[in-house]
Amino acid sequence: MNPMNEVQIEKVTINIGVGESGERLSRAISLLEEMFDQTAVKTFSKVTNPEWGIRKRQPIACKVTLRGEKAEKAIDMVLEGIERNIKPRQFDAQGNLSFGIKEHIDIPGQKYNPDIGIFGMNLSITFEKPGYRIARRKLRQTKVPQRHRVTKEETMKFMEDNFNVNYVNE
């Protein structure tokens with residue numbers, strides 16, 4: 001098989017949406033940093049919504065972006081929390097995978113800490129093939145051709161082979 005056609009994990013983004021700034025957000029940041037051993041960053045609202053009490057550019061969530069070995073460990077750890085069950089509709093047309101976990105204490109090895117509380121989190125896994133750099137480089141930037149893009153079927157097979165994922169219907 002051509003090594004340029006092998007699907008690989010580009011990054012894993014783990015997000016906790018709190019909906020407000022302050023104490024809960026700082027607890028969510030400390031939870032992410034403790035779980036994944038990497039600095040978390042705040043994300044800010046894009047619009048004002050008076051019904052929810054959110055102003056534009058107010059910090060409302062936090063996220064961590066993992067790559068390489070840390071990303072694979074995080075995927076494995078969170079998949080254990082959902083018993084390795086994924087729905088096929090959680091993959092998008094570009095072959096990326098997104099799913100959530102309702103409570104972080106469902107993940108094996110995570111204990112309830114009354115100082116932090118319980119948070120749910122969303123996981124987004126971005127897949128690519130070698131050579132995707134041409135779309136991001138500074139000089140001679142080019143589009144990735146359609147025949148080289150990752151498909152939903154390729155990533156489903158990758159997850160099945162590497163992470164022993166079970167596909168369940170609704």
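Modeller: A residue counts as buried when its relative accessible area is under 20%, and as exposed when that area is over 50%. Keep in mind that this is a predicted model.

Biologist: Is Glu128 buried or exposed?

Modeller: Glu128 is found in strand β6, residues 121-128. Its relative accessibility is 9%. The cut-off for buried is under 20%. So Glu128 counts as buried.

Biologist: Which residue meets the side chain of Glu128 in a salt bridge?

Modeller: Glu128 touches several residues beyond its sequence neighbours, including Glu6, Val7 and Val150. The salt bridge has an N to O distance of 3.2 Å. The partner is Arg136.

Biologist: How many salt bridges does a search of the whole structure find?

Modeller: Glu128 with Arg136 is one pair. Glu69 and Lys73 also meet, at 4.0 Å, N to O. The search of the whole structure finds 7.

Biologist: Why are Glu69 and Lys73 separated by about one helical turn?

Modeller: Both residues are exposed. Both sit in helix α2. They are about one turn apart because their spacing in the helix is 4 residues.

Biologist: Which residues do salt bridges with shared partners join into one network?

Modeller: Glu80 forms a salt bridge with Arg84, with the closest N and O atoms 2.9 Å apart. Glu80 is partly exposed, at 39%. Arg84 has 14% relative accessibility, so Arg84 counts as buried. Shared partners make one network of Asp76, Glu80 and Arg84.

Biologist: Where do the buried residues of α1 lie around the axis?

Modeller: Helix α1 covers residues 23-36. Its buried residues are Leu25, Ala28, Ile29, Leu31, Leu32, Met35 and Phe36. They cover an arc of only 160 degrees, which means they lie on the same side of α1.

Biologist: Which exposed residues does the face of α1 turned away from its buried side carry?

Modeller: The buried residues of α1 pack against β1, β2, β3, α2 and β6. The face turned away from that buried side carries exposed residues. They are Glu23 and Glu34.

Biologist: Why is strand β3 largely enclosed by the rest of the structure?

Modeller: Strand β1 joins β3 by 6 bridges, and the two run antiparallel. Strand β2 also runs antiparallel to β3, with 4 bridges. β3 is largely enclosed because its buried residues number 6 of the 8.

Biologist: What is the bridge partner of Lys42 in β3?

Modeller: Strand β2 covers residues 41-44 and is joined to β3. From strand β1, Thr13 has Thr65 as its bridge partner in β3. For Lys42, the partner is Cys62.

Conventions: Residues numbered from 1 in each chain as written. Predicted model: local features only at pLDDT ≥ 70, side-chain atom pairs only at ≥ 80, totals over all residues. Heavy atoms only, no water. Buried < 20%, exposed > 50% of the residue type's maximum accessible area, 1.4 Å probe, protein only. Pairing = 2+ DSSP bridges. Contact = heavy atoms within 4.5 Å. Expected span 1.5 Å × (residues − 1). Arc of directions from axis to C-beta. Lists of a residue's contacts leave out its neighbours within four places in sequence.
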